[in-house]
Amino acid sequence: MERTLIPTFETPSVSKRLKSMLGVDFYRLFHTPLFYIMIAISAIIPAMVLSMGGMAGPDGAAAPLYTNTWNIIAADTPLYIVRDIGEYANMNMVFIFGGIMVSIFIGHDYRSGYVKQLFTTHSKKRDYMMSKSIVCAFGMICMCGAYLAAGSFAGLITGASMRVNVGSLLVAVLGKMIMSLGWASLYTFLNVVLRRHFGISIALSFFIGTGIPVIGAAALVGNNSVLNALLYGSSVNACLSSNLMTLVTCAVVSVVWAIIYNVLGSAVLARSDVY
């Protein structure tokens, strides 16, 4: 008696599926002008900040906003309530433009029909969320790197002080880079929810990136580190008095954000029309 062989189809593992999607997303990132425009903007920002004037003195002349180069990277101490706009003018601004980058990057998926083609052959919505979060986090990390390099150069050119605790500076920069994953996951989630409202998604990403929600909340309930961790992802904890615990805090909050927003985003995609 002959046996009938039934063909079996092996489902690709999570790692293989994610690797495949990451390859496509990284290719698209590196081959779009948007990525390089955001890198250029990130490099221009610190030079503009160092050249900005602060409050006018008794003689009517405006003093420099910063006299220490590294204040354009991070504040001296953890900042929960902004007393002066200059206190916020540091590497945190990358997260504002990073949000715009994510909005345009994901928005193009829907406007070009890429999502329709993708989900016809690739049904795992969580892979889409994970891939976009990772790739966009990489983009933000590159923006942070450009900001740091340009800021250091601008400080040398302008003659601003370069005095700093090198260890704290390194932790501050790494903390902000690590938070890129949490921010990218948040922005990816927002843009999945608002996928049919491109203009609103950009405006909301910009609004959240400015830190206005946490500033407003902090103004109501006071200086609260827990509030900061929940609403602003501990980005402002990464300052020029940072230590290793700061780095741990940023890493934990970033991973928690990534998990929460990837789960929520996957649920949204699974329960709605993605086209």
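These legends describe three close-up views of a predicted model.

**View 1. Helices H4 and H7 cross at roughly 40°.** H4 covers residues 94-111, and H7 covers residues 166-193. Their axes come within 9 Å. H4 is therefore oblique to H7, since the angle is neither under 35 degrees nor in the range 65 to 115. The crossing of the two helices is right-handed. From H4, the contact takes in Phe95, Gly98, Gly99, Val102, Ser103 and Ile106. From H7, Lys176, Met179, Ser180, Trp183, Tyr187, Thr188 and Asn191 meet them. By type, the residues of this contact divide into six nonpolar, six polar and one charged.

**View 2. Val173 is a buried residue of helix H7.** Its relative accessible area is 6%, so Val173 falls under the 20% limit for buried residues. Leaving aside residues up to four places away in sequence, Val173 touches Ile73, Met91 and Leu148. Ala74 lies 99 residues from Val173 along the chain. The C-alpha atoms of Ala74 and Val173 are separated by 8.0 Å.

**View 3. Cysteines appear in a structure with zero disulfides.** The search behind that result covered the whole structure. Cys142 is in no disulfide. The cysteine sulfur nearest to Cys142 belongs to Cys144 and is 9.3 Å away. A disulfide would need the two sulfur atoms within 2.5 Å. Cys142 has 24% relative accessibility and therefore counts as partly exposed. Cys136, at 2% relative accessibility, counts as buried because buried means under 20%.

Terms used. Residues numbered from 1 in each chain as written. Predicted model: local features only at pLDDT ≥ 70, side-chain atom pairs only at ≥ 80, totals over all residues. Heavy atoms only, no water. Buried < 20%, exposed > 50% of the residue type's maximum accessible area, 1.4 Å probe, protein only. Axes fitted to C-alpha atoms, helices over the stretch in contact; angles between N-to-C directions. Helix = DSSP H or I, 4+ residues; strand = E, 2+ residues; numbered from the N terminus. Parallel < 35°, antiparallel > 145°, perpendicular 65-115°, else oblique. Left-handed = near helix turned anticlockwise from the far one by under 90°. Contact = heavy atoms within 4.5 Å. Nonpolar A, V, L, I, M, F, W, Y, C, P; charged D, E, K, R; others polar.
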